[in-house]
Amino acid sequence: MNTLAITPLFERIVDDLATKGWSQQAAFTPEDLTAQLAEECRHRAEKGQLEAAGIGRGNAKAVNTGIRGDKIQWLEQGQNTAVDRYLELMEQLRAALNRTLFLGLDELECHFALYSPGAFYKKHVDRFRDDDRRIVTCIAYLNDNWLPEDGGELRIYLEHEHVHEVPPQAGTLVVFMSADLAHEVLPVQRERLSITGWFLRRA
Ligand SMILES: O=C(O)CCC(=O)C(=O)O
Ligand SMILES: [Fe+2]
């Protein structure tokens, strides 16, 4: 792909971020890639590689399942071809955001997340109090045939007390400004897989 051309998909994300601070795209990851990523996430879970996610960072980091009950593993390049393909898509998104919105995004950190039935993540903002490098949050969902009774929606808190809920349906990508948007994951009734990432600015 010509990395200088911005595809309509990336253009929509950029426009949404510029005008309202968040974007939801139903068909971001291709079906085959989404399935491979879900398989890789499940495979890592079966091997016991996912660990209870913490809240906060550095010395203040702690596991608190009353706030957050997912299990995660950070993604690295070169571990798996599907993961590499996903990181390549994110790299294109990073370039598009930098070219158009001048956000100075330097790198991406991202992890698989698995919520087992009963797990949730209470309302929060992604940017840490003591570290403002997280600029843009991106979440890709990996779950086929997600039904309303499965719960687990991402609820985002908009202006004027409006809320918007996103079912974690395979292929969907949600992007938002990390410092601005409070959000939560409602309790899940069924295993819920995703990749959450943050574009960081230079320290
Ligand atoms: O999985 C989601 O929908 C949101 C996850 C989240 O808010 C986070 O990991 O910070
Ligand atoms: Fe979050």
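The face of H3 turned away from its buried side carries two exposed residues, Thr-81 and Glu-88; here exposed is 12 or fewer other C-beta atoms within 10 Å of a residue's own, buried is 20 or more, and partly exposed falls in between, with C-beta atoms placed from the backbone. This is a predicted model, so local features need pLDDT of at least 70 and side-chain atom pairs count only at pLDDT 80 or more, while totals for chains, interfaces and linings use all residues. Residues are numbered from 1 along each chain as its sequence is written, with chains lettered from A and ligands numbered from 1 in the order written.

On the buried side of H3 sit Val-83, Tyr-86, Leu-93, Ala-96 and Leu-97. They share one side of H3 because they cover an arc of only 140° around the axis, going by the directions from the helix axis to the C-beta atoms. Their packing partners are helices H1 (8–20) and H2 (31–46) plus strands S4 (105–115), S6 (134–141) and S11 (192–201), contact being C-beta atoms, placed from the backbone, within 7 Å. Helices (H or I, at least four residues) and strands (E, at least two) are DSSP runs, numbered from the N terminus.

As for length, the 21 residues of H3 (81–101) reach 30 Å from first C-alpha to last, close to the 30 Å expected, which is 1.5 Å times one less than the number of residues. Right after H3 comes Phe-102, with a positive phi near 55°.

Elsewhere, an open sheet of 4 strands runs in the order S5-S10-S7-S8 with antiparallel pairing, where a pair needs at least two DSSP bridges. Strands S5 (121–124) and S8 (163–166) form the edges, each pairing on one side only. Inside the sheet, 3 bridges join S7 (154–157) to S10 (183–185), and Arg-155 stands opposite Glu-184 in S10.

How values were computed:
Contact = placed C-beta atoms within 7 Å.
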